[in-house]
Amino acid sequence: MTALTPPSLRHENPFRILMQDLADERAATVPYPPGDTGFSLARTKRFIEDPLPLLLEGYERYGPIFTLRVLHSNVVFMLGPAANHYITVSHASNFQWRESHFRDLIALLGDGLLTTDDPYHRRSRAIMLPAFHRERIVASIGVMVSETERALERWVVGARVDVYAWTRKLATRIAMRALFGIDPDGRAAREIDAAAMFEQALAFYASAYQYRFLRTSRTPWARLQEASRKLNRLLYGEICERRASGRRGEDVLSLLLDAQDEDGGTLTDGQIRDEMMTLLFAGHDTTTSTVSFMFYELARHPWFADRIVAEQRALPGGAAVDAELLMSGGLKELEMTLEETLRKYPPAWIGPRKSVEPFEFNGCAVPGGAYVNYSSWASHHLPDVWEQPDAFRPERFAPEAKAALAKGAYIPFGGGSRTCIGMRFGQLEVRTIATLICGRFALELPADFELTIRQMPTISPREGLPMIVGERS
Ligand code: HEM
């Protein structure tokens, strides 16, 4: 098993990547789709700081496929239902993740499920899938409830809470316990504040492009490396302890430790660390953003929160958490609000890829070896697909309206063989946290709060989410 490894990256040094990109572009055998292909620092800055309007303008001017030069390289964007289906499902094998323009993430995550391609990717997915079966996810609800209740104990009416930072801490603890059986109050986890380390590491991806080239001390890169080393201590410590004690459970870590191929080969500690780091990152960062954006919108539209609460209270047993109902998405008001939150703010907003062979889409040729991205965020805001896309309207996801959506129109969890492996886990977690908060508290935004969004690389509120805790009547 250890013999199967993902291919090495062609280059890791950012300057060599830049040179290689330029060479690949010169070697293209077909022209790039039309678009804004001249060098522009202003466009690059816009792409980093506020990409959504830029992508929507591109769609309006050029249609569902167009090129933008971002910093030094041409990047192809494909938007809308047909484009999403093309990249994630019907032609997925012509698109690879590993050499995409998000490959910088490999410095933190290593070679886990997110950053590898088939056949390595297929094998990792097969090993871990049993841990994401329905019954395993339902079994995690105990951890989700107890951790959320513990975190809510500190809330008092009138207090100001940064809901984004609060959720990051909570979601990290839930992921550690439910996915890996790590005790978040154990010695190692107390010494290393995993949520803070992720915040520190991920800040690299929110920094200006020019700083990302620097590799010296006190740069975003150095801070990423420092955080990664500390997180490694936590993860390798757990792997070591589990190997030594033989302790196993129903968690993903147990599956990774015991995975064997026909020749008896097993995964190395490094391979297990990479899968753990990937799941820990993907498993807490996206849910943190989703909970934050949901409560931001509920504060602006309190009548939706009232409906969620009324629905809970109408259940036999009142506001008690019902695992089956939460798992099935049977709380309709909550479900529509969650789906609309993920439409308006899909945390994993971009699907970065590199094309393998040249291809044609919507009458436009695209070279092989080109950066090609789909974007759920932009696709969820197309005015010819969504009526009043900027409005927060959970009723878009009432059963009949949802059934009428075009295939590929709504893709907060991606699609095809790379569909989010943690989708059910993430949905259950957000529903649980939202149910417990709504049952007890009404959250309000400070009068002067204005939402701006950063990408790090998932989207989240740039300044956190300060909210005032109010009593739920
Ligand atoms: C609201 C919560 C979540 C959202 C919106 C979300 C979204 C996504 C999206 C869009 C992708 C596909 C990216 C692409 O096509 O390049 C993805 C992949 C992935 N997600 Fe999630 N995710 C969520 C929660 C989770 C959780 C809780 C976990 C882990 C427990 C997780 C683990 C992963 C992994 C490992 C992948 C890579 C899958 C593969 O390539 O086979 N995600 N996620």
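Two strands pair if DSSP finds at least two bridges between them. The exercises below apply this criterion, and others, to a predicted model.

**Exercise 1. Pairing around β13**

Determine in which sense strand β5 and strand β13 pair, and over how many bridges.

*Solution.* Step 1: locate the strands; β5 covers residues 160-162 and β13 covers residues 466-471. Step 2: count the bridges; there are 3, and the pairing is antiparallel. Step 3: fix the register; aspartate 162 stands opposite proline 466 in β13. Step 4: examine a further partner of β13; strand β10 (residues 441-444) pairs with β13 in the antiparallel sense over 4 bridges. In this pairing, alanine 442 is opposite glycine 470 of β13.

**Exercise 2. The open sheet**

Establish the strand order of the open sheet of 6 strands, and identify its edge strands.

*Solution.* Step 1: write the order, which is β1-β2-β3-β9-β6-β4, with mixed pairing. Step 2: find the strands that pair on one side only; these edge strands are β1 (35-36) and β4 (95-96). Step 3: inspect the β1 edge; β1 and strand β2 (residues 65-70) run parallel and are joined by 2 bridges. With the threshold of at least two bridges, β1 and β2 therefore count as paired. Step 4: place the residues; aspartate 36 stands opposite leucine 68 in β2.

**Exercise 3. The iron atom**

Which protein atom is the donor to the iron atom of the ligand, and where in the chain is its residue found?

*Solution.* Step 1: search for donors within 2.8 Å of the metal. The protein contributes a single one, the SG atom of Cys420, 2.3 Å away from the iron. Step 2: place cysteine 420 in the secondary structure; this residue is in the loop between α20 (399-403) and α21 (423-440).

**Exercise 4. The ligand shell**

Describe the site of the ligand, the composition of its shell and its polar contacts.

*Solution.* Step 1: locate the ligand, which sits in the largest cavity. Step 2: classify the shell residues; 16 are nonpolar, 7 polar and 3 charged. Step 3: assign helices; α6 (120-128), α15 (269-300) and α21 each supply at least two shell residues, and α15 has the largest share, with 5 residues. Step 4: list the nearest of the 26 residues around the ligand, namely His121, Arg125, Arg353, Tyr374 and Cys420. Step 5: examine distances to ligand oxygen atoms. An N or O atom in the side chain of arginine 125 is 2.6 Å from one such oxygen; for tyrosine 374 the corresponding distance is 2.6 Å. A polar side-chain atom of arginine 353 lies 2.8 Å from an oxygen atom of the ligand.

Definitions and conventions. Residues are numbered from 1 along each chain as its sequence is written. This is a predicted model: local features need pLDDT of at least 70, side-chain atom pairs count only at pLDDT 80 or more; totals for chains, interfaces and linings use all residues. Side-chain values use heavy atoms; hydrogens and water are left out. Donors are N, O and S atoms within 2.8 Å of the metal (3.2 Å for Na, K and Ca); water is not among the atoms, so sites may look incomplete. A residue is near a molecule or strand if one of its heavy atoms lies within 4 Å of it. A polar contact is a pair of N or O atoms within 3.5 Å; within protein, one must be able to donate a hydrogen and the other to accept it, and residues adjacent in sequence count only if both atoms are side-chain atoms. On a 1 Å grid over the protein atoms alone, a cavity is a set of points where a 1.4 Å probe fits but cannot get out, and a pocket is an open set with protein on both sides within 12 Å along at least five of seven lines; lining residues have an atom within 4 Å of a point. A molecule sits in a cavity or pocket if more than half of its atoms lie within 2 Å of its grid points. Ala, Val, Leu, Ile, Met, Phe, Trp, Tyr, Cys and Pro count as nonpolar, Asp, Glu, Lys and Arg as charged, and the others, Gly among them, as polar.
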